[in-house]
Amino acid sequence: MIMPYCTEFLPSFIDIGIFIGSFFFVLYLIYARTFPVIAQS
C-alpha cells in the first residue's frame, strides 16, 4: 500500500480493528486446528 503523503501514518479505528481482528483470526485458526486433539484427550 503506497501512501500519497510522507507524513507519519496515523491509523484509524478501522485499521486497528482489521489488524487486531486478523491477529485473533490467526489465533482462532491455530486453536481450531488443535481443538479435536484437546477434545479427544
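This report walks through a predicted model of a short protein chain, from its overall fold to its surface and its aromatic side chains.

## Overall layout

The inventory is quick here: the protein chain has one helix and zero strands. That helix, α1, covers residues 13-40, which makes 28 residues. From its first C-alpha to its last it reaches 40 Å, close to the 40 Å expected at 1.5 Å a residue.

There's a bend to look at, though. α1 has a kink of about 40 degrees at Thr34, and the proline Pro36 follows shortly after that point.

## Surface and burial

Don't go looking for a core: buried residues make up 0% of the 41 residues in the protein chain. The chain exposes about 4,300 Å², and carbon and sulfur atoms supply 76% of that area.

Part of the surface is a nonpolar patch formed by Ile16, Phe19, Ile20, Phe23, Phe24, Val26, Leu27 and Ile30. Together these residues have about 790 Å² of accessible area. Take Val26 as a sample member: it is found in helix α1, and its relative accessible area of 45% makes it partly exposed.

## The aromatic pair

How many aromatic pairs does a search of the whole structure find? It finds one. Phe23 and Phe24 form that pair, in an edge-to-face arrangement with 5.9 Å centre to centre and 75 degrees between the planes.

Both residues also belong to the nonpolar patch, but they get separate exposure labels. Phe23 has a relative accessible area of 48%, so it counts as partly exposed. Phe24 comes in at 51%, so it counts as exposed, the cut-off for that label being over 50%.

Definitions and conventions:
Residues numbered from 1 in each chain as written. Predicted model: local features only at pLDDT ≥ 70, side-chain atom pairs only at ≥ 80, totals over all residues. Heavy atoms only, no water. Helix = DSSP H or I, 4+ residues; strand = E, 2+ residues; numbered from the N terminus. Expected span 1.5 Å × (residues − 1). Bend = angle between axes of the 7 residues up to and from the residue. Patch = residues over 30% accessible without salt bridge, like charges linked within 9 Å, V, L, I, M, F, W, Y side chains within 5 Å. Areas by Shrake-Rupley, 256 points an atom, 1.4 Å probe, with all protein chains shown as cover. Salt bridge = Lys/Arg side-chain N within 4 Å of Asp/Glu carboxyl O. Buried < 20%, exposed > 50% of the residue type's maximum accessible area, 1.4 Å probe, protein only. Phe/Tyr/Trp six-rings, centres within 6.5 Å; stacked < 30°, edge-to-face > 60°.
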